[in-house]
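Have a look at the chain below and turn it around a few times. Then we'll walk through it together, from the overall outline down to single residues.

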Amino acid sequence: GISGGWWKYTHNVHHIRTNDEEWDPDIQHMPFIAISEKYLKRVYSLFHRTVLPPTDKASQALSKITIPYQKFHWFITIMCSRV
């Protein structure tokens, strides 16, 4: 499962940098959901310390399938993203 320390850390970062595209872990759901066109290009996640969107071929292929249909699957994806 998820530790309480992990949840507390991500929760605090989310409230300190709410909706900041580079910091907020609660809005960085690539390759399933892109909350901004910026994520479709390149953004460095200061929280995850990596480039979004992921550059591996599997994630790129998955994002090409999932992003156009995110309006249909976003609720389920968000529910499952922290499981």
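A quick term before we start: pLDDT is the predictor's confidence in each residue, on a scale from 0 to 100. You need it here because this is a predicted model. The chain has a mean pLDDT of 84, and 95% of its residues reach 70 or more. Among the elements, helix α1 (residues 4-16) has the highest mean pLDDT, at 90, while helix α3 (residues 70-80) has the lowest, at 84. In general, where pLDDT is low, the predicted coordinates should not be read in detail.

**The overall outline**

What is the pattern of the chain, read along the sequence? It goes α-β-β-α-α, which gives you three helices and two strands to find. The radius of gyration is 13 Å, close to the 12 Å that the globule rule gives for 83 residues, so the chain is as compact as a globular protein of that length. If you drew a box around the C-alpha atoms along the principal axes, it would be roughly 35 × 25 × 20 Å.

Now for contacts along the chain. Of those with a separation of 6 or more, 41% are between residues 24 or more positions apart. One pair to look for is His-11 and Pro-25: they are 14 residues apart in sequence, and their C-alpha atoms are 8.5 Å apart in space. His-11 sits in helix α1 and is partly exposed, with a relative accessible area of 29%.

**Inside and outside**

Buried residues account for 33% of the 83 residues. The chain exposes about 5,900 Å², and 61% of that comes from carbon and sulfur atoms.

Which residues form the largest nonpolar core? There are seven of them: Ile-27, Met-30, Ala-34, Tyr-39, Val-43, Leu-52 and Ile-67. That fits a broader habit: in soluble globular proteins, nonpolar side chains tend to be buried together. Zoom in on Ala-34 and set aside its neighbours within four places in sequence; Ala-34 then touches Tyr-39, Leu-40, Ile-67 and Gln-70.

**A helix with two sides**

Helix α2 (residues 57-66) is a nice one to rotate. Its Ser-59, Ser-63 and Thr-66 are buried. Why do these three count as being on the same side of α2? They cover an arc of only 75° around the axis, and that puts them on the same side. Behind this is a simple rule: an α-helix has 3.6 residues a turn, so residues three or four places apart point the same way. On the other side of α2 you'll find Lys-57, Ala-58, Lys-64 and Ile-65, which are exposed. Helix α3 is part of what covers the buried residues of α2.

**Two residues with a positive phi**

Most residues other than glycine have a negative phi. Asn-19 is not a glycine, yet its phi is positive, and Arg-49 is another non-glycine residue with a positive phi. Here are the two of them:

| Residue | Phi | Loop | Relative accessibility |
|---|---|---|---|
| Asn-19 | about 60° | between α1 and β1 (43-45) | 53% |
| Arg-49 | near 55° | between β1 and β2 (50-52) | 66% |

Are they buried or exposed? The cut-off for exposed is over 50% relative accessible area, so Asn-19, at 53%, counts as exposed, and so does Arg-49, at 66%.

How values were computed: Residues numbered from 1 in each chain as written. Predicted model: local features only at pLDDT ≥ 70, side-chain atom pairs only at ≥ 80, totals over all residues. Heavy atoms only, no water. Core = buried A, V, L, I, M, F, W, Y, C linked by side-chain atoms within 4.5 Å. Buried < 20%, exposed > 50% of the residue type's maximum accessible area, 1.4 Å probe, protein only. Contact = heavy atoms within 4.5 Å. Helix = DSSP H or I, 4+ residues; strand = E, 2+ residues; numbered from the N terminus. Rg over C-alpha atoms; globule rule 2.2 N^0.38 Å. Areas by Shrake-Rupley, 256 points an atom, 1.4 Å probe, with all protein chains shown as cover. Arc of directions from axis to C-beta.
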